[in-house]
Amino acid sequence: QVQLAESGGGAVQAGGSLRLSCTAPIRIAMGWFRQAPGKEREFVAALAAYSGITNYLDSVKERFTISRDNAKNTVHLQMDNLKPEDTAVYYCAAAGDVAAVVREPPYWGQGTQVTVSS
């Protein structure tokens, strides 16, 4: 029932930046997962709907920033200093609370490709 619209993927060289965006029809806890070829989907970042609490994968904590535009029900993932190992399909996710986003989000976007070359 919650449809998520993603945008912002692309191809960059190592050290470059991308900004992903995800829009939901309601204000809800949202975040991002990623899946590289041959690997399992992994959690990247999440943001609560109201409290501002965030959660990050350790390997991206110093490089990625998740933020929210409340007026548009949109969450952004600013990705700086990208590395080849960040290459993956990035999926927006949403749930009733931030813990559920990290653990088992019931709502998913269609995915957007991020490719980082060395």
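The exercises below work through a predicted model of one protein, each with a solution in steps.

**Exercise 1. Determine which secondary-structure elements the protein contains and in what order they run.**

Solution. Begin with the count, which gives 1 helix and 11 strands in the protein. Then follow the chain from the N terminus, where the elements run β-β-β-β-β-β-β-β-β-α-β-β.

**Exercise 2. Decide whether the radius of gyration of the protein agrees or disagrees with that of a compact globule.**

Solution. Start from the chain length of 118 residues, for which a compact globule would have a radius of gyration near 13 Å. Next, take the value for the protein, which is 13 Å, and therefore agrees with that expectation. To complete the picture, consider the C-alpha trace, which spans about 40 × 25 × 25 Å along its principal axes.

**Exercise 3. Describe how the residues of the protein are divided between burial, contacts and surface.**

Solution. Take burial to mean under 20% relative accessible area; by that cut-off, 47% of the 118 residues count as buried. Turn then to contacts with a separation of 6 or more, of which 56% are accounted for by residues 24 or more positions apart. Finally, the accessible surface comes to about 6,000 Å², and carbon and sulfur atoms hold 47% of that area.

**Exercise 4. Locate the largest nonpolar core and identify the elements that supply it.**

Solution. The largest nonpolar core has 30 residues, and the ones that touch the most other members are W32, L77, M79 and Y90. Two or more residues each come from β3 (18–23), β4 (29–35), β5 (42–47), β7 (64–69), β8 (74–79), β9 (88–95) and β11 (112–117). Among these, β9 gives the most, with 4 residues. Another core, of 10 residues, lies apart from the largest one and includes A29, F33, V98 and A100.

**Exercise 5. Examine the backbone at N73 and N81, and classify N81 as buried, partly exposed or exposed.**

Solution. Recall first that most residues other than glycine have a negative phi. N73, in the loop between β7 and β8, nevertheless has a positive phi, near 50°. N81 lies in the loop between β8 and β9, and its phi is likewise positive, at about 50°, although N81 is not a glycine. For the last step, the relative accessibility of N81 is 42%, so N81 counts as partly exposed.

**Exercise 6. State how many charged side chains of each sign there are, and how far apart the centres of the two sets lie.**

Solution. The protein has 11 positive side chains and 11 negative ones. The centres of these two sets lie 4 Å apart.

Note on methods: Residues numbered from 1 in each chain as written. Predicted model: local features only at pLDDT ≥ 70, side-chain atom pairs only at ≥ 80, totals over all residues. Heavy atoms only, no water. Rg over C-alpha atoms; globule rule 2.2 N^0.38 Å. Buried < 20%, exposed > 50% of the residue type's maximum accessible area, 1.4 Å probe, protein only. Contact = heavy atoms within 4.5 Å. Areas by Shrake-Rupley, 256 points an atom, 1.4 Å probe, with all protein chains shown as cover. Lys, Arg positive; Asp, Glu negative; His and termini not counted. Charge placed at Lys NZ, Arg CZ, Asp CG, Glu CD. Core = buried A, V, L, I, M, F, W, Y, C linked by side-chain atoms within 4.5 Å.
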